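Please look at the sequence and the model below side by side, and keep both in view while you read. The paragraphs that follow begin at a single residue and then widen to the chain.

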Amino acid sequence: MADALSVIPASVLRNLSDKLYEKRKNAALEIEGIVKQLASVGDHDKISAVINLLAKEFTYSALSNHRKGGLIGLAAATVALSSEAAQHLEQIVPPVLNSLSDQDSRVRYYACEALYNIAKVVRGDFIIFFNQIFDALCKLSADSDPNVQSAAHLLDRLVKDIVTESDQFSIEEFIPLLRERMNVLNPYVRQFLVGWITVLDSVPDIDMLGFLPDFLDGLFNMLSDSSHEIRQQADSALSEFLQEIKNSPSVDYGRMTEILVQRAASPDEFTRLTAITWINEFVKLGGDQLVPYYADILGAILPCISDKEEKIRVVARETNEELRSIKADPAEGFDIGAILSIARRQLDSEWEATRIEALHWISTLLDRHRAEVVLLVLDIHACIAQDPPHFRQLVVFLVHNFRVDHSLLERRGALIIRRLCVLLDAERVYRELSTILEGEADLDFACIMVQALNLILLTSSELSELRELLKQSLGNAAGKDLFVSLYASWCHSPMAIISLCLLAQTYQHASSVIQSLVEEDINVKFLVQLDKMIRLLETPVFTYLRLQLLEPGRYLWLLKALYGILMLLPQQSAAFKILRTRLKAVPLYSFNGDQLKRASSGNSYNQILHYSGSQITEDDGISQDNGDLHNGINFASRLQQFQQMQQQHRMLEKSKAQAQKSSTSLSKDGAEAEKSQLPSTSSKRGPG
């Protein structure tokens, strides 16, 4: 302070705080000369002292004239320093920035003027204070004093020029400032912000497009401003950005799509039109990036199809067709469930056009992703079916649908059953299905359904635990209960029963079932199912069974069952050759004693059949004679159950054959009767 007073006369300091502008101005010119002289001799300590005096004693003074004088003095000192001003900016600029928010409008005006003069001198070095200056200018753009507004506009233009030519400007630091202010409603602030966005976007080295998601929502807010000028400025900025998006190879569509979807439902007509236009372009340009947002986009488009404004309806329909033409895959993030939910919700729309398009979308989903749609419906049913009564109703309903529409069972049956097994526990589902099918009146349908369930059981990865449980039927109570539960309905199909026995390792019973078959059972349908089973025996599911053939002495009943199947097959069939090749690979060395002699002397099948009637047993020596109970399974009773069910099927086939024969006979008799009523064509001619 003392150093400053030694170089600045008291009269100059007195005039610097005078109420008259001219005296303050003259005093500032004298300070400019003093500082210039100090700078010429390099006395920066005294220069710092002068600046410190002007800041503390004047710009921070309680008297407004002192503050005004301090501001013009700091500007004069900066002009005097010229190229050396940069090293004193930390002292000069903060007190001026502080004065921009002064309660006295004239002080604010002079602060703008002082900062303008300082900025003209230091140019690019001014950038380090940009954030504070931008914040102050944003407030001054809406100042209550027109003169302050005018001065702020001049300063704003200069700062923009400095920023556009500077290589030190940080767009990353600026964007948070911009984002914080984008939802301000004051029209002057909005004009100020749009002005900055437009200017910065015009600078080639500044990537405003990359930060567009940060302020896009604010720009859309301005489209509904009461000021026509602001709406025009916002629309112009948005149009420019949309053009840049079209020409840019890399755009963050996702974040912007979320904003556009919300704006498409705006009560303002112009905002809706602009949003739906952007969405239209995004659908054309976005590609894979938009896949996760398809549902949101559809939710925005469908209501706009019925918009009261024709322009919006036209763009919405075009966008809808574009979206429908894109064939995305669920593996790419295409959320079928979300789209189905949107379409379902719009079915309740009050507008017919929207409801129709929602139906078209449901139809499209069913056409392209029927399996996934079915699974989604099943998921919903499965949630409801957690309750036991509802579970029973669901399974009964499912069986009913399969009964009335056999094509559903053929095309989607496996998918539906597997999904329910995942959602509701496979054992629970199979037990319930078996209970229902056991009492099924339509025997033909029951047979078809059981065969389908059996194939799913033997092939689906979702049912691997169920297969493992069935393999333990002879040594595990839970496995036994499941075997008995399924057996009751599996009786509808001989092939299904044989498969179940092979899976459960009840080989002696499998052999008994095969031996119980009669002539009527061996038909084309049976042989087709048998062919499928032979091929399944070569799959990984039955690896354990094929390995058991390495010990034919231990698994004689398995060998007998397989040979029994072989004897049922036509010799020229592919299945016969497959199974015979497998049985030829059975090693004879694993027989012992009489077994080896018998097996090696001629007809091995006859020997095995003969020998397996002895007391040598399989499954670790556990006897399975038909009359015995083993682990609670009465195999004799089970065999009787199977035979009775098959007898019902045979009676049904006979009755159908008789009905067909009667129908044919009636048709023939009718034809004969009709023929007898025709006039004779062989009557004798009379005399000429």
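**From one glycine to the chain**

Glycine 73 is found in helix α5, where helices (H or I, at least four residues) and strands (E, at least two) are DSSP runs, numbered from the N terminus. The model is a predicted one, in which local features need pLDDT of at least 70 and side-chain atom pairs count only at pLDDT 80 or more, while totals for chains, interfaces and linings use all residues. Residues are numbered from 1 along each chain as its sequence is written, and side-chain values use heavy atoms, with hydrogens and water left out.

Is glycine 73 buried or exposed? Glycine 73 has a relative accessible area of 0% and is therefore buried, since buried means under 20% relative accessible area, exposed over 50%, and partly exposed in between (1.4 Å probe, protein chains only). Leaving aside residues up to four places away in sequence, glycine 73 touches Ile31 and Leu54, a contact being heavy atoms within 4.5 Å. The C-alpha atom of glycine 73 is separated by 8.4 Å from that of arginine 24, although these two residues are 49 apart along the chain.

Following the chain onward from α5, the reader comes to serine 82, which sits in the loop between α5 (64-81) and α6 (89-99). Serine 82 has a positive phi of about 55 degrees although it is not a glycine, and with a relative accessible area of 40% it is partly exposed. Aspartate 425 can be described in a similar way: it lies in the loop between α21 (406-424) and α22 (426-438), has a positive phi of about 85 degrees without being a glycine, and counts as partly exposed at 43% relative accessibility.

Beyond the loop that holds serine 82 comes helix α6, in which Leu89, Ile92, Val93, Pro95, Val96, Leu97 and Ser99 are buried. Which helices do the buried residues of α6 pack against? The partners are α4 (44-59), α5, α7 (105-122) and α8 (130-140). A general point helps when reading such a list: an α-helix has 3.6 residues a turn, so residues three or four places apart point the same way.

The UniProt record, in an unreviewed entry, lists residues 92-127 as "repeat: HEAT"; UniProt positions are given in the numbering used here, feature names are shortened, and annotations may be inferred rather than shown by experiment. In the model, residues 92-127 are 72% helix and 0% strand, with the end C-alpha atoms 14 Å apart.

Three further buried residues show how helices meet other parts of the chain. Alanine 152, in helix α9 (residues 146-165), is buried with a relative accessible area of 3%, and touches Cys112, Leu137 and Leu140 when residues up to four places away in sequence are not counted. Alanine 152 and alanine 111 are 41 residues apart in sequence, yet 9.4 Å apart in space, C-alpha to C-alpha. Valine 283 belongs to helix α15 (residues 269-286) and is buried at a relative accessible area of 5%; with the same neighbours in sequence left out, its contacts are Leu290, Ile297, Thr319, Glu322, Leu323 and Ile326. Leucine 566, in helix α30 (residues 556-568), is buried, with a relative accessible area of 5%, and touches Phe576, Leu579, Arg580 and Leu583, again not counting residues up to four places away.

Turning to the chain as a whole, its secondary structure comes to 34 helices and 2 strands, and 48% of its 688 residues count as buried. Among contacts between residues at least 6 apart in sequence, 71% join residues at least 24 apart.

The last stop is the largest pocket, which is lined by 19 residues, with Cys447, Asn523, Lys525, His649 and Glu653 nearest its centre. A pocket is an open set of points on a 1 Å grid over the protein atoms alone, where a 1.4 Å probe fits, with protein on both sides within 12 Å along at least five of seven lines, and lining residues have an atom within 4 Å of a point. The elements giving two or more residues to this lining are α23 (443-459), α26 (494-504), α28 (524-536) and α34 (635-676), and α34 gives the most, with 5 residues.
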